[in-house]
Amino acid sequence: MSFLAPSPPPPSLKAAAGVPAAGISIPWPRQRLDGLRLRAAPASLPRLASVQSAVLDIEGTTSPISFVTDVLFPYARDNVRKHLDATYGTHETNDDIALLRAQVEQDLAEGVAGAVPVPPDEAGKDSVIDARVANGHIWRTGFEGQEIKGVVFDDVPPALEKWHASGIKTYIYSSGSREAQRLIFGNTTYGDLRKHLCGFFDTTIGTKREAHSYYEIWQSVGVDRPSQILFLTDVYQEATAAQAAGLEVLISIRPGNAPPPENHGFETIKSFAEILT
């Protein structure tokens, strides 16, 4: 299950289409072209195509998993019940609960560990709140009150700044809502990083393990071919879905991440600094 708040309902295309960015390339070693390239890569893997946009996962890619377990989960545990008690029955909270119920049903169908069924409204306020707390997804108050800050890896802010200056259109794609994504990147320990980003995608465009989701992203970001988009993620199943849609893919290897399967066939990076402008 996602660590972020569930996504809002359709329409599906959430990031506005833009004009194609200046061309960038990710060639393999000892050849420098304009744009981005990997610092090093094994000779057995093919050269990556020229790309014009980057799409980034959050947990395990731009941000450490410990940000979830050590910051977001404890805050939700300590504060969400109080918030729900105060707002239960309001239109916003009712919509949040309905979205959470739909997300949990999908997680349960997919066998996601930790998902807790949300009972129907008829079960009563306390039962619904108990399930909402167990699935805890609410941090707006914490970010707005400066109680919590978005945490990103040290190599992320300079990379985003350089990519933006080079004309690379960079987007975030998370199973959490666009609001939650904006909160994280708008309130980081490095300040507001949204100025380096062009938009946010959530699962109203499709789940992250479906190739069609990445096709929809391609249709939204204003490039001619899906191979002009570079997707970075720590999840093998997301990588294969994006690759099936024609995107170029790198797998992020960060502290605390689960290792990808053996012989997964993707190039990996341990830092955004490995991608040069």
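A polar contact here is a pair of N or O atoms within 3.5 Å, and inside a protein one of the two must be able to donate a hydrogen and the other to accept it. Keep that in mind for the stop at Ser 252. One caution before you start clicking: this is a predicted model.

**The whole chain**

Start with everything shown as cartoon. You should find eight helices and eight strands in a chain of 277 residues, 52% of them buried. Now switch on contacts between residues at least 6 apart in sequence: 68% of them join residues at least 24 apart. If you draw the surface, about 12400 Å² of the chain is exposed, with carbon and sulfur atoms supplying 51% of that area.

**The largest core**

Next, select Leu 56, Phe 143, Trp 163, Phe 185, Leu 232 and Phe 272. In the largest nonpolar core, which has 31 residues, these touch the most other members. To see where the core draws from, color β2 (53-56), α1 (65-87), α5 (156-165), α6 (178-186) and β5 (229-233), since each of these elements gives two or more residues to it. Then color by domain: domain 1 (53-63 + 150-274) and domain 2 (71-145) both contribute, so the core lies between them. Nonpolar side chains tend to be buried together in soluble globular proteins.

Apart from this core there is another one, of 20 residues; pick out Val 55, Val 221, Val 249 and Ile 251, which are among them.

**Helices α5 and α6**

Zoom in on α5 and show Val 156, Pro 157, Ala 159, Leu 160 and Trp 163, the buried residues of this helix. Look down the axis: they cover an arc of only 165°, which puts them on the same side of α5. Just past the end of α5, click Gly 167, where phi is positive, about 90°.

Move on to α6. Here Ala 180, Gln 181, Leu 183, Ile 184, Phe 185 and Gly 186 are buried. What covers them? Bring up α1, α4 (140-144), β3 (169-173) and β4 (199-201), which are included in the cover over the buried residues of α6.

**Helix α8**

Select residues 236-244, which make up α8, and show its buried residues: Glu 238, Ala 239, Ala 241 and Ala 242. Seen down the axis of α8, these fall within an arc of 165°, so they line one face of the helix. Which elements do they pack against? Show α7 (211-221), β5 and β6 (248-252) to see the packing partners of the buried residues in α8. Just after α8 sits Gly 246, with a positive phi of about 100°.

**Ser 252 and Ile 269**

Now go to Ser 252 in strand β6. Ser 252 is buried, at a relative accessible area of 2%. Its side chain reaches the backbone oxygen of Gly 60 at 3.0 Å, which is within the 3.5 Å limit for a polar contact. Leaving out residues up to four places away in sequence, Ser 252 touches Gly 60, Thr 61, Thr 233, Asp 234, Asn 257 and Ile 269.

Follow that list to Ile 269 for the last stop. Ile 269 belongs to strand β7 (residues 267-269). Is Ile 269 buried or exposed? At a relative accessible area of 1%, Ile 269 is buried. Finally, put a distance label between the C-alpha atoms of Ile 269 and Leu 232: the two residues are 37 apart along the chain, and those atoms are separated by 9.2 Å.

Note on methods. Residues numbered from 1 in each chain as written. Predicted model: local features only at pLDDT ≥ 70, side-chain atom pairs only at ≥ 80, totals over all residues. Heavy atoms only, no water. Core = buried A, V, L, I, M, F, W, Y, C linked by side-chain atoms within 4.5 Å. Buried < 20%, exposed > 50% of the residue type's maximum accessible area, 1.4 Å probe, protein only. Helix = DSSP H or I, 4+ residues; strand = E, 2+ residues; numbered from the N terminus. Domains from an automatic or database assignment. Arc of directions from axis to C-beta. Contact = heavy atoms within 4.5 Å. Areas by Shrake-Rupley, 256 points an atom, 1.4 Å probe, with all protein chains shown as cover.
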